[in-house]
Amino acid sequence: MPIPKAELHLHIEGTLEPELAFELAARNGVVLPYADTDALREAYRFEDLQSFLNLYYELMAVLRTEQDFADLADAYLARAAAQGVRHAEIFFDPQAHLARGVDMGTVVEGLWRALGTGEARHGVSTRLILCFLRDESAESALQTLDAAKPYLDRITGIGLDSAEVGHPPAKFREVYEAAAALGLRRVAHAGEEGPPQYITEALDVLGVERVDHGLRCMEDPALVERLVRERIPLTLCPLSNVRLRTVDTLADHPLPAMLDAGLLCTVNSDDPAYFGGYAGDNFDAVGTTLGLSEDRLRELARNSFTASFLEDDEERRARCLAEVDAYVF
Ligand code: HPA
Ligand code: ZN
């Protein structure tokens with residue numbers, strides 16, 4: 001049994017495996033421009049974030065009904081559970097669906113059909129985080145938050161994703177303020193491809209409580225010192241970083257140096273169908289390739305629960321942490 005862990009950086013649309021993509025395409029009469037699942041897998045060679053995003057948005061065309069979103073989420077929960085995930089905080093990208101005529105209710109209620117019973121059926125508790133696409137306008141983000149208002153009992157927080165460079169966090173100050181006033185938790189992708197200043201801006205202007213990726217903080221020692229001092233969690237995604245060429249090889253990943261620096265790092269899968277692995281695969285890969293000790297792996301698993309938004313269920317957090325502490329490698 002793999003070590004118990006929480007997954008805090010997971011785009012549900014990025015869990016769409018080729019087999020399910022073709023099944024949903026057939027169900028919905030959508031023609032994919034790939035002959036079969038092998039041909040589609042061949043397209044999984046990315047130069048950077050944008051080349052991945054192009055395919056990620058293209059394949060979303062198969063997601064049309066509540067049942068499609070339920071099937072997507074259920075497939076993720078089954079895979080995650082098998083890899084030791086006990087809690088998942090799940091991103092979704094409503095603007096990418098609204099643009100295709102799929103409304104907020106279809107997405108949220110569809111996901112909820114699977115997530116609402118995820119703890120009972122798979123032993124995985126979940127929270128939903130609505131992400132704004134940073135390459136869309138600030139006004140579109142505000143409209144999206146408005147569209148989400150009937151569903152806030154299902155949504156724990158907001159995030160910021162998609163093409164980072166040229167779209168600094170400050171562009172979204174207003175929508176983050178509005179979300180905070182609604183009681184939503186705040187996170188943002190920063191420092192994946194964008195510079196360390198974007199991390200600082202996400203903290204200072206958007207008031208984020210966690211930074212997604214945050215890898216490039218290592219270029220700024222004063223920022224590292226601040227992240228350590230303020231105990232800001234970073235949701236790292238090692239296999240994603242390799243596939244999107246943020247690092248040259250996994251052996252070059254700065255995770256060991258980040259842990260040595262005292263950063264509150266977590267290990268996550270980002271878009272597992274595209275990047276070659278789910279949460280447990282990421283743990284295994286860093287354990288093996290980066291030679292992390294059992295103590296370090298336990299620290300990463302502990303961090304995942306410490307950094308999670310389980311303030312509304314401290315009992316579950318404590319139970320999960322106790323499971324990590326009792327885990328025998
Ligand atoms: N980065 C930014 N946006 C994203 C990602 C990512 O890794 N995955 C899905 N949207
Ligand atoms: Zn991401």
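A residue counts as buried when its relative accessible area is under 20%. This cut-off is applied below to a predicted model.

Strand β7 spans residues 233–236. Its side chains alternate in direction: Pro233 and Thr235 point one way, and Leu234 and Leu236 point the other way. All four of these residues are buried. Strand β7 has a pairing partner in β6, which covers residues 210–213. The two strands run in the parallel sense and are joined over two bridges. One residue pair can be named here: Asp212 has Thr235 of β7 as its bridge partner. Between the two strands the chain passes through helix α11, residues 221–229. The resulting β-α-β crossover is right-handed.

Strand β7 also pairs with β8, residues 264–267. This pairing is again in the parallel sense, and four bridges connect β7 to β8. Thr235 takes part here as well, with Thr266 in β8 as its bridge partner. Thr235 is thus a bridge partner of Asp212 and of Thr266.

The surroundings of ligand 1 were examined next. Its neighbours include the histidines His11, His189 and His213. Acidic residues are also present around the ligand, namely Asp161, Glu192, Asp270 and Asp271. Leu49, Phe52, Leu53, Tyr56 and Ser162 complete the list. Strand β6, residues 210–213, therefore supplies a ligand neighbour by the residue ranges of the DSSP runs, namely His213.

Three polar contacts to ligand 1 are described. Ser162 contributes a polar backbone atom, placed 2.8 Å from a nitrogen atom of the ligand. Asp270 and Asp271 act through their side chains. A polar side-chain atom of Asp270 is 2.7 Å from an oxygen atom of ligand 1. For Asp271, a polar side-chain atom lies 2.7 Å from a nitrogen atom of the ligand. Taken alone, ligand 1 exposes 260 Å², and the protein buries 100% of that area.

Glu192, one of the residues around ligand 1, carries a record annotation. An unreviewed UniProt entry marks Glu192 as "active site". The residue sits in the loop between β5 (185–190) and α10 (196–204). Is Glu192 buried or exposed? Its relative accessibility is 5%, so Glu192 counts as buried, the cut-off being under 20%.

At the level of the whole domain, the unreviewed UniProt entry lists residues 4–317 as "domain: Adenosine deaminase". Over this range the chain is 47% helix and 15% strand. The C-alpha atoms at the two ends of the range are 11 Å apart.

Definitions and conventions. Residues are numbered from 1 along each chain as its sequence is written. Chains are lettered from A and ligands numbered from 1 in the order in which they are written. This is a predicted model: local features need pLDDT of at least 70, side-chain atom pairs count only at pLDDT 80 or more; totals for chains, interfaces and linings use all residues. Side-chain values use heavy atoms; hydrogens and water are left out. Buried means under 20% relative accessible area, exposed over 50%, partly exposed in between (1.4 Å probe, protein chains only). Two strands pair if DSSP finds at least two bridges between them. A crossover is right-handed if, with the strands pointing away from the viewer, the path from the first strand over the helix to the second runs clockwise. A residue is near a molecule or strand if one of its heavy atoms lies within 4 Å of it. A polar contact is a pair of N or O atoms within 3.5 Å; within protein, one must be able to donate a hydrogen and the other to accept it, and residues adjacent in sequence count only if both atoms are side-chain atoms. Accessible areas come from the Shrake-Rupley method with a 1.4 Å probe; for residues, only the protein chains shown count as cover. UniProt positions are given in the numbering used here, feature names are shortened, and annotations may be inferred rather than shown by experiment.
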